Amino acid sequence: MAGLLKRDELMSIMIHFSNITKQFPGNKALDDVDFSVEKGEIHALLGENGAGKSTLLNILHGIYPDYDGEVEIDGSKVNFKNANDAIEYGIAKVHQEVNLVTELTVGQNIALGYEPAKKGLIDYEAMYEKTDGILEKLGCRFRSRDRVNSLSTGEMQMILIAKALFHNARIISFDEPTSALTDREVDRLLQLIMELKAQGITILYITHRLDEVYAIADRASILRDGKYICTLQIKETKKDELIRHMVGRDVSAYAVRNQELCSSEEVVLKVESLCKNGVFEDISFELHRGEILSFAGLVGSKRTDVMRAIFGADSYTSGSVYIHGKKAEIRTPKDALRYSLGLIPENRKTQGFVKNFNNAVNMALASMDRFCSRGFVNEKKILENCMYYTGEMNLHPADPEYLTEALSGGNAQKVIIAKWMTTDADIIIFDEPTKGIDVGAKAEIYRLMEELVARGKSIIMVSSELPEVIGMSDRVIVMREGRIMGELGRKELNEEIIMKFAMGG
Ligand SMILES: Nc1ncnc2c1ncn2[C@@H]1O[C@H](COP(=O)(O)OP(=O)(O)OP(=O)(O)O)[C@@H](O)[C@H]1O
Ligand SMILES: [Mg+2]
């Protein structure tokens, strides 16, 4: 309670959430959440998928104007009706779904709705001058007259930060900002956030990547199941302790193989000299039955492009793919499924589920022939399938009728993973399987992968998380800029050697 704080403590508080409760139909997303964020600190917001992190930020930003409790900014109670109210108050957000008007210029996007005017008309000169000044300060290589549609995801994110500065933001929040960025862009962003802090801006930062928390955060507040657990000084807190508060139990050494390795000599997939002009070149490898083969490399090393080509989602220039020793003609993902080859895409938010469909139907969607017989849909089987994966992956809420669209980001990802596991393909390509997924659920996904290989299936995993590459793989292929740089057996695996290949050393 604010009343219990001493006077000098009160003066350094920027945001105070007091007794915030947010009820969605049939689901309490936040339950009496009460804590403060200090002026000028980088404050991480941590917790499992569905803990309520994004919901709390949406309340701060006026996106959910209806809630119980109070939000105080710099000592004054606020109740924003929409996101523009919050922006005018100096509270800006840089969230993952970058919403920009691609037909407009960079400067128009930054100033949108707040363009400087002269005699009732937009003063473009002044607008571009001001926005260029901000872009320069941010070290961006593009300028305000450029079109947005020529920019990368990382650059679009910079526009959102520029927009925050345009509105003289006192508070900027980031919700999983690094999940679509290349490694270089991540470094740049973290550095920039430190610079914003140095200018006195208060930062709220949501991530599932604890290394980012340790790189930049001063303190972290933890939510679990909609409840506030505690706030910790990062410097004084070990990773294990942080995780224990998030999950409510010990999760140690979770990216490990618990069962015996079961890879056999049998080659189930062979890729020979696959090439796509200007993208990747001379990709050759074999995948064995019962094997987990990982593709490591920096983000941008073209691993996803290779996998999409094998799966028939993209074309390639030359080369061949053999499945069970026979040359496979895979032109579309549908062809791939006929060869019992599945791919769980990296970009699950956009290539994943159907809006207005519930979890049970979304999970069954890629395997409808298995759930239909003689023209009838077997709803009981669809429900059973959903309950199985709901249990295995700790889906929250555990309700097959829940709309996937209304799930938290990480839980929606679990539904999509379940959908591809439901297809029961013999060869499954997992592209960044644990991106956006919390530590507890990661462990469950690793167990499912182990079970698949124990049943004689084979897995290719594209992953940028070295601990899971090292812990889970039978074998690792490292790529760099569209080429295979090396192959490592399980016994040779360690971070240094993978990074050496990935960076071309
Ligand atoms: N618009 C909505 N309608 C109904 N329920 C919702 C809505 N938005 C969120 N929820 C529910 O509120 C809870 C908290 O969700 P929230 O998105 O805040 O989680 P999160 O901590 O951000 O998780 P993640 O790490 O997966 O992004 C979840 O159970 C979710 O299903
Ligand atoms: Mg979220």
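These notes cover the domains, the ligand site and two strand hairpins of this predicted model.

1. Domain layout. The chain splits into two parts. Domain 1 covers 2-247, and domain 2 covers 268-502. Their C-alpha centres lie 32 Å apart. The two domains do touch: 18 residues of domain 1 are in contact with 18 residues of domain 2.

2. Who surrounds the ligand. Ligand 1 has 23 residues around it. The closest are Gly50, Lys53, Thr55, Ser408 and Gly410. Both domains take part in this shell. Domain 1 (2-247) gives at least three residues, and domain 2 (268-502) also gives at least three.

3. Which elements supply the shell. Look at strand 2 (27-38), helix 2 (53-60) and helix 15 (409-422). Each of these supplies at least two residues of the shell around ligand 1.

4. Chemical make-up of the shell. How many residues of each class surround ligand 1? The shell has 12 polar residues, 8 nonpolar ones and 3 charged ones.

5. Polar atoms at the ligand. Three pairs deserve a look in the viewer. Ser408 places a polar side-chain atom 2.7 Å from an oxygen atom of ligand 1. Asn27 does so with a polar side-chain atom at 3.0 Å from a ligand oxygen. Ala51 uses its backbone instead: an N or O atom there lies 3.2 Å from an oxygen atom of ligand 1. How much of the ligand does the protein bury? Ligand 1 exposes 640 Å² when taken alone, and the protein buries 88% of that.

6. Hairpin of strands 13 and 14. Strand 13 (residues 267-276) and strand 14 (residues 280-288) run antiparallel and are joined by 6 bridges. Across the pair, Lys270 stands opposite Glu286 of strand 14. The hairpin has 3 residues between the strands. Check Gly278 here: its phi is positive, near 80 degrees.

7. Hairpin of strands 23 and 24. Strand 23 (residues 475-480) pairs with strand 24 (residues 483-489). The two run antiparallel, with 6 bridges between them. Met479 has Ile484 in strand 24 as its bridge partner. Which residue in the turn has a positive phi? That residue is Glu481, at about 45 degrees, in a hairpin with 2 residues between the strands.

8. Where to start. Begin at ligand 1, with Ser408, Asn27 and Ala51. Then trace the shell out to helix 2 and helix 15, two of its contributors. Finish with the turns, at Gly278 and Glu481.

Notes
Residues are numbered from 1 along each chain as its sequence is written. Chains are lettered from A and ligands numbered from 1 in the order in which they are written. This is a predicted model: local features need pLDDT of at least 70, side-chain atom pairs count only at pLDDT 80 or more; totals for chains, interfaces and linings use all residues. Side-chain values use heavy atoms; hydrogens and water are left out. A residue is near a molecule or strand if one of its heavy atoms lies within 4 Å of it. A polar contact is a pair of N or O atoms within 3.5 Å; within protein, one must be able to donate a hydrogen and the other to accept it, and residues adjacent in sequence count only if both atoms are side-chain atoms. Accessible areas come from the Shrake-Rupley method with a 1.4 Å probe; for residues, only the protein chains shown count as cover. Helices (H or I, at least four residues) and strands (E, at least two) are DSSP runs, numbered from the N terminus. Ala, Val, Leu, Ile, Met, Phe, Trp, Tyr, Cys and Pro count as nonpolar, Asp, Glu, Lys and Arg as charged, and the others, Gly among them, as polar. Domain bounds come from an automatic or database domain assignment. Two strands pair if DSSP finds at least two bridges between them. Contact means heavy atoms within 4.5 Å.
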